[in-house]
Amino acid sequence: MSNWRKMPVTRQQILPLCNNYGIDQILASILVRRGITQGKDILYFLEDDLRFQHNPFLFSSMEDAVTRILQAKDEKEKVLIFGDKDADGVTSTTILYTYLKSIGIDVSCRIPVGDDAYGLSMQAVDDFAKEGGTLIITVDCGISNFAEISHAADLCIDVIVTDHHNAPEKLPEAVVILDPKTEDSGYPFKDISGAAVAYKLVSALRFAQTGLYENEYCILNISENEEQNCFFIDCIKIRNLIVVKELHEKIIPGQTSIYDLKLPYFLQGQLIYVWDKQNTYKTLNSLFGNGIDFNLTDLQAEICTLFPKLRGKSEKDIQKMSIFNKYIPEENNLINSIYNLFVTYCRKKLALEHPEFAENEKMDLQLVALAAIADIMPLKNENRIFIKNGVNSIKTGKIRPGLAELFAILKINIEGITATDLSWSVTPALNAAGRLGQADLTLALLTSENAKEREELAHSIYTLNEERKNLVQNASLRIQDIAKKSVEDLQNKLCLVIDEQIHPGITGNFAGKLMQDFNVPAIVITKNEGIYKGSMRSCRGLITTEFLSSFEEGKFFINYGGHDCAAGFSFVEEKLDIFMQNIKNCISSIQLEDNDTIIDIDAEIPTDYITEDLFDSITKLEPYGAENPELKLLTHEVTICDAAIVGKKEPFSLKLTFDCGKHKIPAVLFGKAEKLGNEIQIGKKYDIIYTMSKNYFRGNVTNQFKIQEIKSSDNRIN
């Protein structure tokens with residue numbers, strides 16, 4: 001049994017969050033304990049509007065990518081999308097392929113199958129060249145394919161790389177690279193999935209179909225500072241709805257001449273938007289005289305056609321009303337508040353003019369959500385927006401073809417689906433075909449236009465997923481003792497298993513299981529045709545790609561790459577002894593974060609506070625996953641008033657009911673049925689650690705606890 005620890009927090013820490021963001025003290029205390037106290041971070045927990053995702057044109061090379069793809073469309077070029085074989089790669093491929101096909105591009109797609117290695121291959125490049133292809137777009141791969149991209153260039157094939165893996169110092173010579181982890185990407189959030197990068201590219205291509213694409217707008221605002229007896233002029237230039245230039249100047253009446261300013265040059269030839277045209281003209285004339293003509297357009301008149309409640313509001317009113325003012329007041333000056341309103345207006349206008357964009361975006365976000373979950377992306381920033389919208393689209397909207405058939409065969413309860421449910425059921429199934437060398441089945445499932453074919457493919461994928469489960473289980477039983485001894489030999493810092501009987505497709509699954517079993521980073525390696533192929537899954541602060549890079553002297557690996565917590569690699573069999581020696585040499589230098597049995601409590605909740613409203617408040621912290629684990633809530637001295645054993649196969653679980661005063665709350669304790677009648681007895685009081693959730697069954701929704709640990713209150717030391 002673990003030790004339970006609750007970090008103290010003060011009212012001074014909690015109350016500002018309650019007052020600023022309108023949340024209760026329990027939710028505020030949880031955020032404080034998790035270090036989520038900045039408005040720019042809290043925004044992504046409390047909001048789910050797609051307005052808060054980052055503009056795709058923040059990628060410094062996005063316009064170049066759009067231009068090259070539209071050129072391919074105009075010139076009727078053949079285009080190949082090349083993706084990875086995991087869930088992220090297949091969803092990335094699907095998102096981009098579906099869109100390019102819809103706008104009439106001659107596009108095909110390809111992913112690794114069988115024993116094909118990760119990433120763009122020479123064979124794929126050569127095959128495409130024989131077809132007369134001239135543009136390859138990689139998705140969820142490509143950032144390390146130097147030789148293949150160079151070879152493509154020799155064959156007069158351009159390559160656009162869209163990837164999200166950790167980038168090497170030297171980048172391949174592609175015509176365009178979109179990877180948030182490159183140093184000059186320009187993108188403000190690095191931890192999005194490959195599918196999210198593909199979705200950003202598609203979003204930019206959709207935007208390019210509108211009249212706003214490549215147009216520049218200028219927003220100007222003048223504000224008076226009575227204390228300093230001066231005026232401030234703020235100007236921003238916008239292109240593709242992002243700020244590309246800014247100008248901020250101070251004007252002292254009677255002293256500052258128009259010729260002393262950069263303003264005329266900044267505004268030259270520009271369409272100038274101002275919030276209040278009449279007052280702005282009046283102020284400009286008072287400062288510079290009537291001889292200078294400013295080409296002003298009244299933004300208020302235009303925006304109020306869609307937001308009539310804003311008519312007559314001043315710039316300061318707009319600033320106060322801005323939702324950004326709630327979360328990021330330090331960045332929400334007058335000019336930024338007008339800019340943010342302009343962007344919101346443009347998005348709504350485009351949604352009205354192109355309703356198909358919004359519908360297709362929902363379909364894309366279902367895949368982006370699954371990719372973020374499958375690739376263990378950190379659940380912060382816009383990843384939360386993606387998953388919230390993707391899951392909500394699945395629950396309340398139309399499920400995209402392919403997913404609908406897969407959900408049916410997996411018997412997914414759509415009404416109550418959560419990100420956690422998807423991580424346990426759907427994403428392993430999406431990954432299963434790729435792990436067993438048949439990723440083309442998953443791609444066909446998601447891209448097929450034939451309903452009967454999709455049903456058959458869903459059944460095949462279900463069968464492959466069951467096969468994968470059996471392979472992992474059998475391998476676990478067979479080498480359990482070997483894995484345990486490995487951890488002991490490697491100073492409890494690493495688990496290393498090398499077994500030629502392990503299927504190459506499950507090394508990642510197996511490494512993840514060993515990491516969970518032993519709570520140390522794990523490496524699983526198998527051998528296939530003279531090549532050792534391995535996967536690494538990491539925890540406790542050890543970054544996989546940094547660890548593997550230490551082997552790279554003399555180009556040790558055939559290839560390697562991945563994320564902070566997951567990576568893959570391969571090397572020739574002659575290097576096995578060197579690999580083992582390198583492992584032994586580096587063990588002493590590995591520093592893992594503390595490995596203890598302490599559970600940090602997110603909040604202690606008295607029984608009187610357990611209400612319907614609290615359950616609703618707590619759900620704001622969903623989705624749970626990487627860097628936002630399920631809550632650990634604590635309640636003392638709560639009585640079990642009913643208990644039953646449930647489940648169809650061992651280990652059986654317990655269904656409990658707790659008497660919480662005004663409410664009786666059902667709970668589930670997974671896999672611990674043997675405790676009933678011994679450690680767990682009806683009528684006794686217990687201290688419990690749990691997560692609040694909702695149970696959906698036959699149209700009924702009930703609140704419930706998911707119990708993580710339970711102790712008799714009699715044994716508690718006060």
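Threonine 138 has valine 161 in β5 as its bridge partner. The model is predicted, and the pairing belongs to strands β4 (residues 135–139) and β5 (residues 158–162), which run in the parallel sense and share five bridges.

Both strands belong to an open sheet of five strands, ordered β3-β2-β4-β5-β6 with parallel pairing. At its edges stand β3 (106–110) and β6 (176–178), each of which pairs on one side only. From one strand to the next, the twist averages 20°. Helix α5 (residues 87–102) lies across β2 (78–83), β3 and β4, and runs at about 160° to β2.

Aromatic contacts form a second theme. The structure holds 22 aromatic pairs. One of them joins phenylalanine 557 to phenylalanine 571; this pair is tilted, with 6.4 Å centre to centre and 50° between the planes. The pair links distant parts of the chain, 14 residues apart: phenylalanine 557 sits in the loop between α22 (544–549) and β15 (559–562), whereas phenylalanine 571 lies in strand β16 (residues 566–572). Phenylalanine 557 and phenylalanine 571 are both buried. Ring pairs also place these two residues in a cluster with Tyr532, Phe556, Tyr560, Phe569 and Phe579.

Elsewhere, charged side chains lie over the faces of phenylalanine rings, as listed below.

| Charged residue | Ring beneath | Distance from the ring centre |
|---|---|---|
| Lysine 237 | Phenylalanine 266 | 4.6 Å |
| Arginine 384 | Phenylalanine 45 | 3.9 Å |

Technical notes
Residues are numbered from 1 along each chain as its sequence is written. This is a predicted model: local features need pLDDT of at least 70, side-chain atom pairs count only at pLDDT 80 or more; totals for chains, interfaces and linings use all residues. Side-chain values use heavy atoms; hydrogens and water are left out. Rings of Phe, Tyr and Trp (its six-membered ring) pair if their centres lie within 6.5 Å; planes under 30 degrees apart count as stacked, over 60 as edge-to-face and the rest as tilted. Helices (H or I, at least four residues) and strands (E, at least two) are DSSP runs, numbered from the N terminus. Buried means under 20% relative accessible area, exposed over 50%, partly exposed in between (1.4 Å probe, protein chains only). A charge sits over a ring if NZ of Lys or CZ of Arg is within 6 Å of the ring centre and within 35 degrees of the ring normal. Two strands pair if DSSP finds at least two bridges between them. Axes are lines fitted to C-alpha atoms, for helices over the stretch in contact, and angles run from 0 to 180 degrees between N-to-C directions. Contact means heavy atoms within 4.5 Å.
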